[in-house]
Amino acid sequence: KFCSGAKSQTARLVLTLSTIPGAGVAAMAEIEVQKRIKALNKKLAQIEKLKEKSQLTAEEAGKVASEKQILNEIDALERGVAPEEAKPALPPKAPEAPEAPQPQPAVAAAPVA
């Protein structure tokens, strides 16, 4: 929750940034990056608590498994790289081998009358 002072500070910052040509976008982007890093750090703290548990639900296990991805995103944001750009390229997918033709079942010839 914001206290009233924080709201007014944010409003002043937005107003100030909107009056400086070219500064608003970069500064607002920086604010969004800092918010994202804060949210990711909060997730990491939750993951650390989950690691202390002996039994995890499927959802909790998924959160713990996402730790490396979260760390990578934080690193990318701190370096000023978009998280999508920081992801390693996937190795090329091996071409699928064509399926072997399935043998056709033998059809018995109908008797000629």
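A residue is described as buried when its relative accessible area is under 20%, as exposed when that area is over 50%, and as partly exposed in between. By this cut-off E67, at 17% relative accessibility, counts as buried, and the same terms are applied to the other residues described below.

The structure is a predicted model, and confidence is therefore considered before the details. The mean pLDDT of the protein is 73, with 48% of the residues reaching 70 or more. Confidence is lowest in helix α1, which covers residues 4–19 and has a mean of 50, whereas it is highest in helix α3, covering residues 58–65, where the value is 94. Two stretches have pLDDT under 50 throughout: over residues 1–5 the model has 1 contact beyond four places in sequence, and over residues 88–92 it has 0 such contacts. Where pLDDT is low, the predicted coordinates should not be read in detail.

The largest nonpolar core consists of 7 residues, namely I37, L40, L44, I47, I70, I74 and L77. Helix α2, which runs over residues 23–51, and helix α4, which runs over residues 67–79, each supply at least two residues of this core, and the greatest contribution comes from α2, with 4 residues. One member of the core, I47, also illustrates how residues separated in sequence are brought into contact in the model: when neighbours within four places in sequence are set aside, I47 is in contact with K63, V64, S66, E67 and I70. Of these partners, I70 is itself listed among the residues of the core, while E67 takes part in a salt bridge with K51.

In total, the structure holds 6 salt bridges. In the bridge between K51 and E67, the side chains meet at a distance of 2.8 Å, taken from N to O. Because K51 lies in helix α2 and E67 in helix α4, this pair ties together parts that are 16 residues apart in sequence. The two partners can also be described by their accessibility, since K51 is partly exposed, with a relative accessible area of 41%, whereas E67 is buried at 17%.

A further salt bridge joins the side chains of K53 and E60, again with an N to O distance of 2.8 Å. K53 is partly exposed, its relative accessible area being 40%, while E60, which is placed in helix α3, is buried at 16%. When residues up to four places away in sequence are not counted, E60 touches L50, K53 and Q55, so that its salt-bridge partner K53 is found among the residues it touches.

Within helix α4, R79 forms a salt bridge with D75, and the closest N and O atoms of this pair are 3.1 Å apart. R79 and D75 are 4 residues apart in the helix, and are therefore separated by about one helical turn. R79 counts as exposed, at 51% relative accessibility, and D75 counts as partly exposed, at 36%. Elsewhere, salt bridges that share partners join E48, K51 and E67 into one network.

Terms used
Residues are numbered from 1 along each chain as its sequence is written. This is a predicted model: local features need pLDDT of at least 70, side-chain atom pairs count only at pLDDT 80 or more; totals for chains, interfaces and linings use all residues. Side-chain values use heavy atoms; hydrogens and water are left out. A nonpolar core is a set of buried Ala, Val, Leu, Ile, Met, Phe, Trp, Tyr and Cys residues joined through side-chain atoms within 4.5 Å. Buried means under 20% relative accessible area, exposed over 50%, partly exposed in between (1.4 Å probe, protein chains only). Contact means heavy atoms within 4.5 Å. pLDDT is the predictor's confidence in each residue, from 0 to 100. A salt bridge is a side-chain nitrogen of Lys or Arg within 4 Å of a carboxyl oxygen of Asp or Glu.
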